[in-house]
Protein chains: 2
Amino acid sequence: MAFQITDELVSQVEQFIGQQNDKELVKLFEEYHFADLAEFLDQLDTKQATYLIKLLDSETTSDAIMELDEDVRERLLDNLSPEEIAEELDEMKTDDAADVVAELDEGIQQEVIDNIDDEKHAEEILELLTYEDDSAGGLMAKELVQVMEDWTVAGCVREMRDQAKNVTRVHSIYVTDKEGKLIGRLSLKDLLTATERTQISEIYIDKVDSVTVNTDGDEVARIMQKYDLEALPVVDHNGILLGRVTIDDIVDYIKDEAEKDYQLAAGITQEVEADDSIFQLTKARLPWLVLGLFGGLASVFILEDFGELMDDPQVKRLFFFTPLIAAMAGNVGVQSSAIIVQGLANDIVKGSLLSRLIKEVGLSLINGLALGALVIIFGFIMNYDIAFSLTIALSMLTVIIIAALIGTFVPIILDKRGIDPAIATGPFITTSNDIFGIFLFFYISKLILQF
Amino acid sequence: MAFQITDELVSQVEQFIGQQNDKELVKLFEEYHFADLAEFLDQLDTKQATYLIKLLDSETTSDAIMELDEDVRERLLDNLSPEEIAEELDEMKTDDAADVVAELDEGIQQEVIDNIDDEKHAEEILELLTYEDDSAGGLMAKELVQVMEDWTVAGCVREMRDQAKNVTRVHSIYVTDKEGKLIGRLSLKDLLTATERTQISEIYIDKVDSVTVNTDGDEVARIMQKYDLEALPVVDHNGILLGRVTIDDIVDYIKDEAEKDYQLAAGITQEVEADDSIFQLTKARLPWLVLGLFGGLASVFILEDFGELMDDPQVKRLFFFTPLIAAMAGNVGVQSSAIIVQGLANDIVKGSLLSRLIKEVGLSLINGLALGALVIIFGFIMNYDIAFSLTIALSMLTVIIIAALIGTFVPIILDKRGIDPAIATGPFITTSNDIFGIFLFFYISKLILQF
């Protein structure tokens, strides 16, 4: 299990490719798992990687191609002819093949599909292309094992030998009626322990979870995770069995979604990785920084307004506390929004808005009072006027409460309006809370200190 | 699939429980999936939930208990006698049962285990308790189907019927030698398509991925995800088959880890949910806010230092820009750290530190120049002195570069020292970047504007 790509190995392979030493290359990669091959391809330049793809058996390379990052895959496929791409697609599961076709230039999509040997495979890929990306239809594969209720176990096993050739993992056997309507499932275990002449109708389980083809991907992931499913059949609106979603795709989906949310919270819009180009990284990061800049410029206006009163030494000192207030407003807002966004995603935000409001205010009061006490101790050490220390503590408390409320309710409102609440985490919340926080801070201080 | 808990349903169940109408309750929950029952239990108070647990068949309730949040489960089990808990454990998979036992008060653990009917089950649970929580041993279950290489297919099927009773999903059949050493695997598909008298040794696949019992959970998740495995056998250091990890546990593991990282980035230390108590939420949030407070107080010192020069109108105006600078430093730092932390987790931070340094500086230069241009336009509109605008733009550019470097290299250094780099995202980075940013901003401005 301890597969490691070493520099020596890479340079040896590069040397073999340079010498066109196909025999050694085939021998070297013979035993490779496709996921390891993918990691290897990622280390080579496009030309070398293409050489390997063309050389090695497409049974292995097709799976490896699927494991590559989208941009690496695109560069690779650009070097292959439509015939060569079709050869890879022939070996792929239908859902993977459809994903690859969707990534190709529209100009060559048809030509590639026309070159696929297996006509049924090609048709199925075309069918999958008609579904939305993040729907059950977009996630499912056509490969599955399907039997009829009026078959016997012996007939079923015969038929399965044939069908199973195309199915990597069988999971469940789906039972349909003559029209193809999904009516139940059969576990391999039950099939194995039944006599040959038993009718399927006697042993199948008539309860089977399924989703319709346009069910949202998030919902598919939620169902499979909640019910610990490893495969979930997909039906059309008449209940006809169309395909199935398998857990390996859902694992990738869950991880991608988590990474997207994480990046969004950090102010990174596009899906990028540490090794992407500077241009891609800038495109993902700059927009949020511009938002932060505008927020900062907005606070310049607020501060200029109060700047005229700076002759008052207490007002002057307030300015020293603006970064503190902005930081507290930002941090509290991010905390509140993160908890609510996760709660919304996991469907655990229950109870009325009022009870949530009371909770957030209560929580902020506790945090604010604790932090306020620290500020007063700080003021004591620094020999500040007690009225001044109290002003800072009290306005900070207010800022914390407001920041928590903004952090909580902006995502809830967005969610109710059907907008992904995750965009309200990170820079969006910190920027707006900075502005509100600084404004409130000076305004409350003005009320208390009467300047 | 559209299971929904309605208020009416909850109040009806509460009424049935009040009337001790067991017949209606059993009828109502007969058809429930354990995951739905868990959702339901979560809606009831502890007393009502306990009533249901005692009433319903432990085959369903045991699985439902596993789906509950840890704190809800603890409250529930507190109301059950050791005998009743043992009855639930009897129905659980060994890994789940071991998790539950580990959560119990130490005082009753032994009594609970002594009450488990199936002695082998009890022994296996005790064995699992000896492994580290987040290791392959802590994640694995003892349930699996194991056959010997010298058996025939017929003998294998006979034996499997017996073993499979305890195994919810078979996935793979593991082949061992006489000592119990794992030597390969057999797919159900192959077993199904072989003749009865075939020897297992003729049809098994002698390549099988496995991990040793003390492999880290992250590594187990990475392997299962990379190689699209649905079950991964676990062996001791002599290669003896001990158990297997299944993908449903890994899905939960991946999701938990992602949520932990997300919360850490938002400055939330403990694992909490929106519906946790105010006390729990405070414990998770307050420490990071205190860190932010100390950071803010540190910047008070920096600003007081420059405050003496405030009679100069340009210095005064610089103060209006501190929130802007702090926000940019914080945002850039969070972006850089998020990308690097994800890269480290996914093992894609390649190349030398120098090349990463060059990349971050290049990226920051592009972002900083773009943002600086906007500041100069702003200054033009506001009729600022051009030297002043340039000072702001230039010091912001420097702050952005430094913030990006801190955001990038602090996680890398932590990672090299074996500390989870995720703690360097969020409040830690924003706080330290606030301080550095503000200091740099005034210092550079002082150099340029010569005050």
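Helix axes here are lines fitted to C-alpha atoms over the stretch in contact, with angles taken between N-to-C directions. The views below all come from a predicted model.

**View 1. Helix α8 crosses helix α10 in chain A.** The axes of α8 (residues 94-103) and α10 (residues 119-129) come within 9 Å and cross at roughly 65 degrees. The crossing of α8(A) with α10(A) is right-handed. On the α8(A) side, look for T94(A), D95(A), A97(A), A98(A), V101(A) and A102(A); their partners on α10(A) are H121(A), E124(A), I125(A), L128(A) and L129(A). By class, this contact holds 7 nonpolar, 2 polar and 2 charged residues.

**View 2. Chains A and B are paired by symmetry.** A turn of 180 degrees with a shift of 0.0 Å along the axis lays chain B on chain A, leaving an RMSD of 0.2 Å. This is the relation of a two-fold axis. Both copies use the same surface, as 100% of the contact residues of chain B recur in chain A.

**View 3. The largest cavity has a lining from both chains.** This cavity encloses about 440 Å³. Of its 30 lining residues, N331(A), V334(A), T430(A), V334(B) and T430(B) sit closest to the centre. Helix α19(A) gives the largest share of the lining, 8 residues. The lining divides into 16 nonpolar, 12 polar and 2 charged residues.

**View 4. The second largest cavity also has residues of both chains in its lining.** Its volume is about 50 Å³. Helix α16(B) supplies the largest share of this lining, 4 residues. Among the lining residues are M224(A), I247(A), I247(B) and D252(B). By class, the lining has 5 nonpolar, 1 polar and 4 charged residues.

Terms used
Residues numbered from 1 in each chain as written. Chains lettered and ligands numbered in written order. Predicted model: local features only at pLDDT ≥ 70, side-chain atom pairs only at ≥ 80, totals over all residues. Heavy atoms only, no water. Least-squares fit on C-alpha atoms with pLDDT ≥ 70 in both. Contact = heavy atoms within 4.5 Å. Axes fitted to C-alpha atoms, helices over the stretch in contact; angles between N-to-C directions. Helix = DSSP H or I, 4+ residues; strand = E, 2+ residues; numbered from the N terminus. Left-handed = near helix turned anticlockwise from the far one by under 90°. Nonpolar A, V, L, I, M, F, W, Y, C, P; charged D, E, K, R; others polar. 1 Å grid on protein atoms, 1.4 Å probe; cavity = no way out; pocket = protein on both sides within 12 Å on 5 of 7 lines; lining within 4 Å. Points joined across faces, edges and corners; volume = space filled by probe spheres on them.
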